[in-house]
Amino acid sequence: MRLVERLPEGLQAWLVRGDTVGQQPIGLRYRRIFILPTRAGLGYTGMLIVMWLAAMNYGNSMAFALAFLLAGLALVFTLHCFRNLLGLELRCQPPEPVFAGANAAFPLQLNNRSRRPRLGIELHREGSLQEASDIAPYDSTVLTLQRKTTARGVVAAGRSRIISRFPGGLVFAWSWIDVDSECLVYPRPADTGLPLRFSGTSDSLHKTAGEDQDDFHGVRRYQAGDPLNRVNWHSIARGLPPQTKLYQSAAQNGLWFDWHRLEGMDNEQRLSQLCRWILDAEEQGLRYGLRLPHTEVAPGQGAPHCHQCLRTLALCPA
């Protein structure tokens, strides 16, 4: 890369122009594969020059034969290194959402449609090795491109390189690829959050005395701040962890997590706290909804509903 940076801008743009890898598979073309000697290859070339000069100086035919034999071997290595990448098929797989601060993983599927194995295929990003693998004939493998996330939203995979040093390590062939894939980044959940607080008429934990006629629905883990009259004291007497009683209205109508109830916090802190509440409610099997300044998610439960709520938080413009 340092050598490329010293070249004229037009030549740089041509060299680093890569194929776009998306959901549809593409094959590496010969015009987009480049080859340069490695440090070992440069040393090997220097040795050949010294051998050739010595053979000329002393008129030694055996030294000439050895020098030409080694030079031919280097050419064979170069050809096989090039063929190790040529025609390799690549396509993106959808990445799984992550929470801010974790690594976004972009799976890249590599398919070998030929009868020869592809050995020592490496995936690099910003000069560092991500993963490497061998691919058997008519087989495939998945290499993962990692990117560190620092904030919620959407992070793109960006540019990377597919590299081969096989065989011999005297030369390396590479091809630039632009991975057309984006990973959804949820807000970082609050580490130690406030107790679950609900908003709306379906609040099963904060009722007036005249609303106690709802049918008993079940229990959940006790949260600091739950009303004492909802604590399941029988479970504590039996030596079980503290639990809080829930009633049928909450199970039917759902609980609301409201942005406006989190006063005294900045926007990102509110999103982190809402994220923590959503994860806790999902873990406890509660129905819940989400209210933000410009959008609302109706109450529900289950993995798809949890993802919808977390996606709404991740893409919140606030």
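1. A definition to begin with: a residue is called buried here when its relative accessible area is under 20%, exposed when that value is over 50%, and partly exposed in between. Arg152 has a relative accessible area of 18%, so Arg152 goes down as buried. Keep in mind throughout that this is a predicted model.

2. Staying with Arg152, what does its side chain pair with? Arg152 forms a salt bridge with Glu268, and the closest N and O atoms are 3.0 Å apart. Arg152 sits in the loop between β9 and β10, while Glu268 belongs to helix α7 (residues 267-283), so this pair ties together parts that are 116 residues apart in sequence. The partner is not in the buried class: Glu268 comes out at 39% relative accessibility and therefore counts as partly exposed.

3. Salt bridges in general: the count comes to seven. One of them joins the side chains of Glu89 and Arg113, at 2.9 Å from N to O. Distant parts of the chain are linked by this pair, with Glu89 in strand β4 and Arg113 in the loop between β6 and β7, 24 residues apart. Glu89 is buried because its relative accessibility is 17%. Arg113, by contrast, is exposed, with a relative accessible area of 56%.

4. Another pair worth a look is Asp178 with Arg159, a salt bridge whose closest N and O atoms are 2.8 Å apart. This one runs between two strands, Asp178 being in β11 and Arg159 in β10, 19 residues apart. Asp178 has 21% relative accessibility, so Asp178 is partly exposed. Arg159 is partly exposed too, with a relative accessible area of 31%.

5. On to the inside of the model. In soluble globular proteins, nonpolar side chains tend to be buried together. Here the largest nonpolar core has 29 residues, and Leu28, Leu90, Leu108, Leu110, Ile162 and Ile177 have the most contacts inside it. At least two residues of this core come from each of α4 (61-85), β4 (89-92), β6 (103-111), β7, β9 (140-148), β10 (153-164) and β11 (171-186). Strand β11 supplies the largest share of this core, six residues. Apart from this core lies another, of 23 residues, with Leu184, Leu274, Ile278 and Cys316 among them.

6. Thr141 is a residue to look at alongside the bigger core. Thr141 is found in strand β9, and with 17% relative accessibility it counts as buried. Beyond residues up to four places away in sequence, Thr141 touches Leu108, Gln109, Leu110, Ser133 and Ile135. Two of those names, Leu108 and Leu110, are also on the list of residues with the most contacts inside the largest core.

7. Is Tyr288 buried or exposed? Tyr288 counts as buried, because its relative accessibility is 0%. Tyr288 has its place in strand β15 (residues 288-292). The C-alpha atoms of Tyr288 and Trp256 are separated by 5.6 Å, although these two are 32 residues apart along the chain. Leaving aside neighbours within four places in sequence, the contacts of Tyr288 include Leu255, Phe257, Ile278, Ala281, Glu282, His305, Cys306 and Cys309. With Glu282 there is also a polar contact, side chain to side chain, of 2.7 Å. Ile278, another contact of Tyr288, is among the residues of the 23-residue core.

8. His124 is in strand β7 (residues 118-125), and its relative accessibility of 8% is why it counts as buried. Which residue does the His124 side chain make a polar contact with? That is Glu122, through its side chain, at 2.8 Å. Not counting neighbours within four places in sequence, His124 is in contact with Leu129, Gln130, Ser160, Arg161, Ile163 and Arg165.

9. Last, the surface. Ile49, Trp52, Leu53, Met56 and Phe68 make a nonpolar patch of about 530 Å². Helix α3 (residues 39-58) gives the most to this patch, with four residues. Phe68 is in helix α4 instead, and with 55% relative accessibility Phe68 counts as exposed, because exposed means over 50%. Helix α4 also supplies at least two residues of the largest core.

Methods. Residues numbered from 1 in each chain as written. Predicted model: local features only at pLDDT ≥ 70, side-chain atom pairs only at ≥ 80, totals over all residues. Heavy atoms only, no water. Buried < 20%, exposed > 50% of the residue type's maximum accessible area, 1.4 Å probe, protein only. Polar contact = N/O pair within 3.5 Å; in protein donor to acceptor, adjacent residues only side chain to side chain. Contact = heavy atoms within 4.5 Å. Core = buried A, V, L, I, M, F, W, Y, C linked by side-chain atoms within 4.5 Å. Patch = residues over 30% accessible without salt bridge, like charges linked within 9 Å, V, L, I, M, F, W, Y side chains within 5 Å. Areas by Shrake-Rupley, 256 points an atom, 1.4 Å probe, with all protein chains shown as cover. Salt bridge = Lys/Arg side-chain N within 4 Å of Asp/Glu carboxyl O.
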